[in-house]
Amino acid sequence: MMRIVIAEDQGMLLGALASLLELEGDMTVVGKAKTGVEAVDLVKELKPDVCIMDIEMPMMTGIEAAEALKDEQCKIIILTTFARTGYFNYARAAGVSGYLLKDSPSDELARAIRTIMSDRKVYAPELMDMINQNDNPLTDREGQVIQLIAEGKSTKEVADHLKIKTGTVRNYVSVIYEKLNVSNRIEAISLFKDRGWFK
C-alpha cells in the first residue's frame, strides 16, 4: 500500500484529491496539510512514500518544502496550475519526482504516483515542450548584466562591477532586449525570472 501525504491550501481541492486517491486499491492518504510548513512536518513525522504538493501555499511554497525534504525518502510530486518553465526548473532543481498540472485528467495522478514509485520521473508534456523551446538565448556576459540590473544596479554600477565601459553596458542591454523580445528592463527581468534563468 502506497502511503500519501497531500499538501494543498484550498480545502475543497484537498478533500477531493484525498477522496480520489482513496478509491485506488493500492493507495492510502495518511496526512493532509494546508501549508508548506505543515507538509514538511507531516512528511518527517509520517514517513509517507509520496507527498503531493501545490506550489503556492502559505508560509512556505511547495518548492521550498520539496527542497527542505531532499534528505527524506519521500518522493515529491508538484501538482499546480502554473505551467511556467521557471517554476518547473526550480522544482527539478529541488529534486521533485513529478510535476503535473491541475487540469490533467484525474486518473493521470494515480498513474504518475505508480510511475514515480518505480523510480522514474513524470513531467507534464506541456512543460517538456516549453523547456525545449525556451533555452536561455543570452551569453554568460549578457546573463551577468541582467543579473546585476535585477539587483537594482545602475548602468554605471554594472559597468564598474564588470570593469567595462557604460556604453558597452548599454550595448549589452540593447542586445538583451532584442534577444528576449522585450522593450524595457522590467519586462526583461520578469521574463528572465519567469523562465528560471537567474543563477
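**Notes on the aromatic pairs**

1. I count three aromatic pairs here, using ring centres within 6.5 Å as the cut-off. Bear in mind that this is a predicted model.

2. Take Phe88 and Tyr123 to start with. Their ring centres are 4.9 Å apart and the planes meet at 80 degrees, so this pair is edge-to-face; the cut-off for that label is over 60 degrees. The pair also ties together distant parts of the chain: Phe88 belongs to helix 4 (residues 85-93) and Tyr123 to strand 6 (residues 122-123), with the two positions 35 residues apart.

3. Are the two partners buried or exposed? Phe88 has 0% relative accessibility, so it counts as buried. Tyr123 comes out at 21%, so it is partly exposed; the limit for buried is under 20%.

4. Next, have a look at Phe192 and Trp197. Here the centres lie 5.4 Å apart with the planes at 70 degrees, which means another edge-to-face pair. Phe192 is buried at 1% relative accessibility, and Trp197 is buried too, with a relative accessible area of 13%.

5. Back to Phe88, which has further company. Ring pairs join Phe88, Tyr99 and Tyr123 into a cluster. On top of that, the charged end of Arg92 sits over the Phe88 ring, 4.8 Å from the ring centre. If you open the model, I'd put Phe88 in view together with Tyr123, its edge-to-face partner, and Arg92, whose charged end is over the Phe88 ring.

Key:
Residues numbered from 1 in each chain as written. Predicted model: local features only at pLDDT ≥ 70, side-chain atom pairs only at ≥ 80, totals over all residues. Heavy atoms only, no water. Phe/Tyr/Trp six-rings, centres within 6.5 Å; stacked < 30°, edge-to-face > 60°. Helix = DSSP H or I, 4+ residues; strand = E, 2+ residues; numbered from the N terminus. Buried < 20%, exposed > 50% of the residue type's maximum accessible area, 1.4 Å probe, protein only. Lys NZ or Arg CZ within 6 Å of the ring centre and 35° of its normal.
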